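Me: I would like a close look at one part of this protein, with some account of how that part sits within the chain as a whole. Please take me through it step by step.

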Amino acid sequence: GDAEAEISFDMRFFPRVDEFDSAGFVSKLGSIFYLLGLGIVFTISMRMVVAEKENHTLDAMRMFGLNEAAYWLSWLAYFAFLALISTTLMVVFGKIFAIPVYMNVDSNVMFRVIFFYQFCMA
């Protein structure tokens, strides 16, 4: 080959895209609002459990001879309903406000993950 080969190089900054902050306050604190939305069922369930313990509801049911299975099934149905309503609202509003997590993940998967998380927290 050619004995007179040259190598030249120069340094440039890595290309980057300027961030566009369209939502302002919500985009900066969005994760806090998301966690608050997930915690609403937990907060309601803890309040209900404390009120039930203070009122001795289970003891009163036992004294009247009612089956405990009815008690536990009522709790299960109540908290499943709360989790269902809360999850539905979160997924619908996530799609309406075009939150990236909701836009990039299938709605059925997102619904199931949030529902089972809230149901386990209750």
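The part in question is the last helix, and the request continues here with the reply after it.

Me: Which residues of α5 are buried, and which are exposed on the other side?

Reply: This is a predicted model, and its protein chain holds five helices and zero strands, in the order α-α-α-α-α along the sequence. Helix α5 covers residues 107–121, and because each residue should add 1.5 Å, its 15 residues should span 21 Å, which agrees with the 21 Å between its end C-alpha atoms. Within α5, the buried residues are Met110, Ile114, Phe115 and Gln118. Viewed down the helix axis, these buried residues fall within an arc of 120 degrees, so they line one face of α5. Arg112, Val113 and Cys120, on the other side of α5, are exposed.

For the wider setting, 17% of the 122 residues in the protein chain count as buried. The largest nonpolar core is made up of seven residues, namely Val41, Leu58, Met61, Tyr71, Trp75, Phe79 and Leu82. Helices α2 (57–63) and α3 (68–96) each supply at least two residues of this core, and α3 gives the most, with four residues. Apart from that core lies another, of six residues, and Ile114 is among them, as are Leu38, Val91 and Tyr102. Ile114 thus appears both among the buried residues of α5 and in this other core.

Finally, of the contacts between residues at least 6 apart in sequence, 64% join residues at least 24 apart.

Definitions and conventions: Residues numbered from 1 in each chain as written. Predicted model: local features only at pLDDT ≥ 70, side-chain atom pairs only at ≥ 80, totals over all residues. Heavy atoms only, no water. Buried < 20%, exposed > 50% of the residue type's maximum accessible area, 1.4 Å probe, protein only. Contact = heavy atoms within 4.5 Å. Expected span 1.5 Å × (residues − 1). Arc of directions from axis to C-beta. Core = buried A, V, L, I, M, F, W, Y, C linked by side-chain atoms within 4.5 Å.
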